[in-house]
Amino acid sequence: MPAVSKGDGMRGLAVFISDIRNCKSKEAEIKRINKELANIRSKFKGDKALDGYSKKKYVCKLLFIFLLGHDIDFGHMEAVNLLSSNKYTEKQIGYLFISVLVNSNSELIRLINNAIKNDLSSRNPTFMCLALHCIANVGSREMAEAFASEIPRILVAGDTMDSVKQSAALCLLRLYKTSPDLVLMGEWTSRVVHLLNDQHMGVVTAAISLITCLSQKNPDEFKTCVSLAVSRLSRIVSSASTDLQDYTYYFVPAPWLSCKLLRLLQCYPPPEDGAVKGRLVECLETILNKAQEPPKSKKVQHSNAKNAILFEAISLIIHYDSEPNLLVRACNQLGQFLQHRETNLRYLALESMCTLASSEFSHEAVKTHIETVINALKTERDVSVRQRAADLLYAMCDRSNAKQIVAEMLSYLETADYSIREEMVLKVAILAEKYAVDYSWYVDTILNLIRIAGDYVSEEVWYRVIQIVINRDDVQGYAAKTVFEALQAPACHENMVKVGGYILGEFGNLIAGDPRSSPLVQFNLLHSKFHLCSVPTRALLLSAYIKFINLFPETKATIQEVLRCDSQIRNSDVELQQRAVEYLKLSSIASTDVLATVLEEMPPFPERESSILAKLKKKKGPGAVSVTELEDNKRENAELNGAGERGPDPSVMAASNAVSSLCFLQSPSLPSDRALSLHVFQSTPSPSADLLGIRSAAPVSTAPASAGSLLVDVFSEAGPTASSGAVNDDGFLRFVCKNNGVLFENQLLQIGIKSEYRQNLGRMYLFYGNKTSVQFASFTTTVSCPGELQTQLNVQSKPVEPLVEGGAQIQQVLNIECLTDFSDAPLLNIKFRYGGALQNLTLKLPVTINKFFQPTEMASQDFFQRWKQLSQPQQEAQKIFKANHSMDTEVIKAKLLGLGMALLDNVDPNPENYVCAGVIQTKSQQVGCLLRLEPNAQAQMYRLTLRCSKDSVSKRLCELLAQQF
């Protein structure tokens, strides 16, 4: 880079900066700035042409004023003129001004692009670097369109200087990240890969960043880089610190390049070539050996560089998971770090060992450190390290040490930080179930868990206890006895009351022979907790009472008295009132046979894998290493491929088992003009997902046919009618701002949806529930994209089972890819035979463009600056409309968040307004969107304004959103 002469000091700029710093108040500063702006404006508009030095000085002043937070609306043309100067300092200031102040929509962009092209073709390395830096800093799509084909040529040209190659590689990386569809390597691929053999280490370091990014998106095209990366890594690892003097950092040769090479190799499986693989294994062994050597320097920079390479090498060893010797050595090396005085090293060691614990080759080696990890859980000062220790205990647990680990985690739970208690509870619940040989130990553990941390025991945990107790006859009596004893404690958590009410309502008869737990004692014990509980728990207890009448007829009079009291039948909560009235009437008029049929014992639930894992997965923050994710990867992520057990949201399939016998969990009650609530227990929907799968499939053993007929007679079910094939879009608009719920329901069929989206990809789970007791035959589904939607949206569906048993539910998975913006919706056609009649139904699937939003956080200044940039008439869509729903603040916020954008606080000057920002991710482009919603509560009106970088998106979002408020 040319040296800056003394004449380039710009004394006027120094004086101006000094004046600003000496200002005593904000008003004085603004006054001085306005004076300077007026002077600069007069100089630019004056008749006398300014020389390059003066232009540079004044442009610098404008840049400084902008950095102080003031808007600059002139001087852009003078900055562009500086680009044509042959002086480095003038050209540098011009590029700096453009990089900071000129946006991609500026009218000057064509002039800027021409100046950049001139500098790129000048062959002056200094000017070329300045131009490449400007392209990378701006990084706009317009820049990518103009230079994406030119920069690869500069990068691989034989006469390009090394400094320019470095800048070109990093500039191309920037453009690829912002506009990957415009950066097409094609013919340049092999030549870019061969930059790994370049003699200049700086070029290699810059090129490997580009190659790693390209390899992640197109691994097959760049797979030749593996052998070259191994060769380069081998040369670095085997070199002495004196061999690479310019790139040796505190006696460690090229640490940054080594880490980048190891990270690149993690994009590919182990090399198939035996020689390459052998050389790579030697490199990894050398890195592990060097970690054992005494340090060559006591400075922290030396150990940091050395450990950075070591941890990246261990990550590669874990990624390959094919070298038992290396895995065990890596585990032993990490074990030494567990007692290191440096907190960060202990944290990283625990995190890496979590991953090692999932490998069959190193699991036993990880288990040898159990005492050290338990000690870390108890004594570490940093909560994040304690959390990683808990993760590692969870990962290393198996049948041989399950009781020890669960006991230690329960012990720690009593004093654990509040921020990790819920996650700890989930881990204990999963381990207790997964490794329970004696299910009485499992029951004891979960009840102890509720006692210690009841506030953090989510519904998923006690649901799972209920499911297991119902499915295992050998533990039912013990569970009833244990929960009866637990309820006798003076201070009893509400979750314990829920479990107690459920289990005693089902299996209280198994302990009723003991006078100490007679039916009346059981009832009085439960009812003593009634007034302390919330409404959902009281509803469950009322259902337990009606069960008691069936199990213990001698308690009928006592329970009816409770149900008859004013606090029940005139309760202000409609759910409790309805239950009390219905249960009282049922116990009074129903015969013993009808009562026994309606209130018979719950049938076993389908045997399925525990889904508390899904709850634990949600507890993991973004970027955290999740043990459950590691386990899922080992199972090839069966759940996401449609083989998992996750059911829909509670509201999706709540009534799917209507003909089966009495069901405890989550179902809306029938209206009050119906005789009874068919599903007795806990009708209030839960906010948590159906992680147990209890509601997602029919019970294994359903009620006898005669009982089913009896229930149909009692409730006067009307016979089903054939459906038409017309497109049904009644439920479509309900899903614009939510992803889960019931899409369609009639007398025969209920269709639930659970969907998730990330960038331009989505996955939708469809749940088809047979509400009748008759089998659906020839059940087929077809998903189609009408018209232009075929080129805008790619939807792939997995086939469904052709037979759907009565009361059963089946699941279908759809994979969705957004290719470009769209306005139509895919269609779902369902055909099946019911009682010999063909049923044909066509629905609009709720796949809308807003599902592919990525929320964008921005400050007030950035928001309105971007708002002004999107000022072209076609980019804006606005609608003024009357409110269709309540103008409640929390409801509006929930809908805007459900839309997918980021809700920005303290941005709009009017606190009553709502502003949002987001980017729609499609395969072909990214569409930035800004939203402003202005409610007028007095007039019950809204004004909705959307500005997007693509006009069709603005109009479509405006149409969708106007119907939501």
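## Helix α32

In this predicted model, many positions of helix α32 are buried: Glu575, Leu576, Gln578, Arg579, Ala580, Glu582, Tyr583, Leu584, Leu586 and Ser587. These buried residues pack against four other helices, namely α29 (535-551), α30 (556-564), α31 (566-569) and α33 (592-598). An α-helix has 3.6 residues a turn, so residues three or four places apart point the same way.

Helix α32 covers residues 574-589, which is 16 residues. At 1.5 Å a residue it should span 22 Å, and its end C-alpha atoms are 22 Å apart, so the expected and computed lengths agree. At the start of the helix, a side-chain oxygen of Asp573 comes to within 3.1 Å of the backbone nitrogen of Glu575.

## Lys481 in helix α26

Helix α26 runs over residues 473-487 and contains Lys481. This lysine has a relative accessible area of 47%. Buried means under 20% and exposed means over 50%, so Lys481 is classed as partly exposed.

Lys481 and Ile511 are separated by 30 residues in sequence. In space, the distance between their C-alpha atoms is 6.4 Å.

## A nonpolar surface patch

Leu67, Leu96 and Val100 together make a nonpolar patch on the surface, with an area of about 260 Å². Leu96 belongs to helix α5, which consists of residues 88-101.

The relative accessibility of Leu96 is 40%, so Leu96 counts as partly exposed.

Note on methods. Residues numbered from 1 in each chain as written. Predicted model: local features only at pLDDT ≥ 70, side-chain atom pairs only at ≥ 80, totals over all residues. Heavy atoms only, no water. Patch = residues over 30% accessible without salt bridge, like charges linked within 9 Å, V, L, I, M, F, W, Y side chains within 5 Å. Areas by Shrake-Rupley, 256 points an atom, 1.4 Å probe, with all protein chains shown as cover. Salt bridge = Lys/Arg side-chain N within 4 Å of Asp/Glu carboxyl O. Helix = DSSP H or I, 4+ residues; strand = E, 2+ residues; numbered from the N terminus. Buried < 20%, exposed > 50% of the residue type's maximum accessible area, 1.4 Å probe, protein only. Expected span 1.5 Å × (residues − 1). Contact = heavy atoms within 4.5 Å. Polar contact = N/O pair within 3.5 Å; in protein donor to acceptor, adjacent residues only side chain to side chain.
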